[in-house]
Amino acid sequence: MLQSIGYGAAELNQPLDLMQFERREPGPHDVQIDIEYCGVCHSDLHTVRNEWNNTVYPVVPGHEIVGRVTYVGAHVSRFKPGDLVGVGCMVDSCQHCESCEDGLEQYCENGFTGTYNSEETQIGGMTFGGYADNIVVNEKFVLRIPDNLDPAAAAPLLCAGITTYSPLRHWGVKKGDKVGIVGLGGLGHMAIKIAHAMGAHVVLFTTTKGKKADAIRLGADEAVLSTDPTEMAAHENSFDFILNAVAAPHNLDAFLVLLKRDRTMTLVGAPASPHPSPQVFNLIMKRRQLAGSLIGGIAETQEMLDFCGEHGIVSDIELIPIQKINDAYERMLKSDVKYRFVIDMASLRNAHAEKSTDAKA
Ligand code: NAP
Ligand code: ZN
């Protein structure tokens, strides 16, 4: 077995701390990666705190992974040691169902294997994520990071980037469309940058007044305080598409009424408890649609990375040592992230080296 070190939660209500665990040895189709950076997604927090009621402890989160290939199995053709690569939210899927054949592995009819907190189908037990020094992944689920992007700032593209790019593409956002983005967090700030690069007129909705100026700096054309009814009323019946990335339950009607006839609001935020049910009349009177979307397929993730490479798009990050991860979670809950925490995995290696030296002394 391959030995790994990482930061994880041993049990519910335990802070994340240094732990050792095992992964499978790389097989013929696998790539072994030394992780350099890992983004911190709100889904990591939902999982560590068992907010979706599906967490198996111990859990090592992290699905915005960037690192260097250190070893490739005999049948790996697309990667070689030294390559800068990424791994997102999935590390496997059945690869033969209708969704997988359509390149939509995230909707695999047999259930995809998540990067963490999923069944490890080869050696049993659970998968462990990217708050770690290494990972082993089937090459089909490994992505190329464009050379011109800063590797630390590119890490959040692997989840926040694809989760926003995929619905913007699926609902056909094009030049000149008026697009609303709800919530200026990790996902929201990537959505602004990507929608702006697609040529849309971007309007950001925030509950935090202090973020309005940032929204414009990030590429929004307008920023609206969603708690101000007058500001909201000015946008009624005017949007071609709204992407809602809020991590908490809230009133969806406030945004549905902003859509034009026949247009869609897509939810990507995944709060622990449900939103209050929207008013059906807000849907039927204008044939509006309320939808959801989950990350994106592997081919589409590569397409998104290449698009970000072409447009020079990365995340605005705060690089943290892994020892600060528990504070980072508290700050994320207070919407105090500008706009994605990324863990510098050198801090994990140093912590482990110090602990080993102490043990020997
Ligand atoms: P984040 O960085 O914490 O951002 C969430 C934003 O939501 C906050 O910055 C805040 O924006 C807004 N918000 C938070 N609490 C709120 C409240 N009580 N009322 C109104 N707005 C509130 O989180 P993230 O990493 O972007 O993730 C966002 C959500 O998407 C999470 O639920 C996550 O699990 C989910 N997610 C889904 C997918 C998918 O495939 N569908 C993938 C990744 C993540 P303002 O301060 O601007 O109001
Ligand atoms: Zn995520």
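The paragraphs below go from the interior of this predicted model to its ligand and then to one of its helices. Local features are given only where pLDDT is at least 70 and side-chain atom pairs only at pLDDT 80 or more, while totals for chains, interfaces and linings use all residues. Residues are numbered from 1 along each chain as its sequence is written, ligands are numbered from 1 in the order in which they are written, and side-chain values use heavy atoms, without hydrogens and water.

A good place to begin is the largest nonpolar core, which has 94 residues; such a core is a set of buried Ala, Val, Leu, Ile, Met, Phe, Trp, Tyr and Cys residues joined through side-chain atoms within 4.5 Å, where buried means under 20% relative accessible area with a 1.4 Å probe, counting protein chains only. The members that touch the most others are Y131, L168, I192, I325 and Y329, and helix α5, residues 186-197, gives the largest share, 6 residues (helices are DSSP runs of H or I of at least four residues and strands are E runs of at least two, numbered from the N terminus). Because domain 1 (2-159 + 296-360) and domain 2 (160-292) both contribute residues, this core lies between them; the domain bounds come from an automatic or database domain assignment. Leaving aside residues up to four places away in sequence, Y329 has contacts (heavy atoms within 4.5 Å) with L16, V40, D44, L45, V48, R49, P61 and Y131. A second core, separate from the one that holds Y329, has 15 residues, including V182, F239, L259 and M265.

Turning to ligand 1, 29 residues surround it, each with a heavy atom within 4 Å, and the closest are T206, T207, T208, K211 and R340. The largest share of this shell, 3 residues, comes from α1. Among the polar contacts, which are pairs of N or O atoms within 3.5 Å, a polar side-chain atom of R340 is 2.6 Å from an oxygen atom of the ligand, and a side-chain N or O atom of S43 is 2.8 Å from a ligand oxygen. At S293, a backbone N or O atom lies 2.9 Å from a nitrogen atom of ligand 1.

The last stop is helix α4, residues 160-170, which is mostly covered, with 9 of its 11 residues buried. Among those buried residues are Y165 and L168, and the cover over the buried part includes α5, β10 (178-182) and α10 (298-311). After α4 comes G172, whose phi is positive, near 65°.

Technical notes. Buried < 20%, exposed > 50% of the residue type's maximum accessible area, 1.4 Å probe, protein only. Polar contact = N/O pair within 3.5 Å; in protein donor to acceptor, adjacent residues only side chain to side chain.
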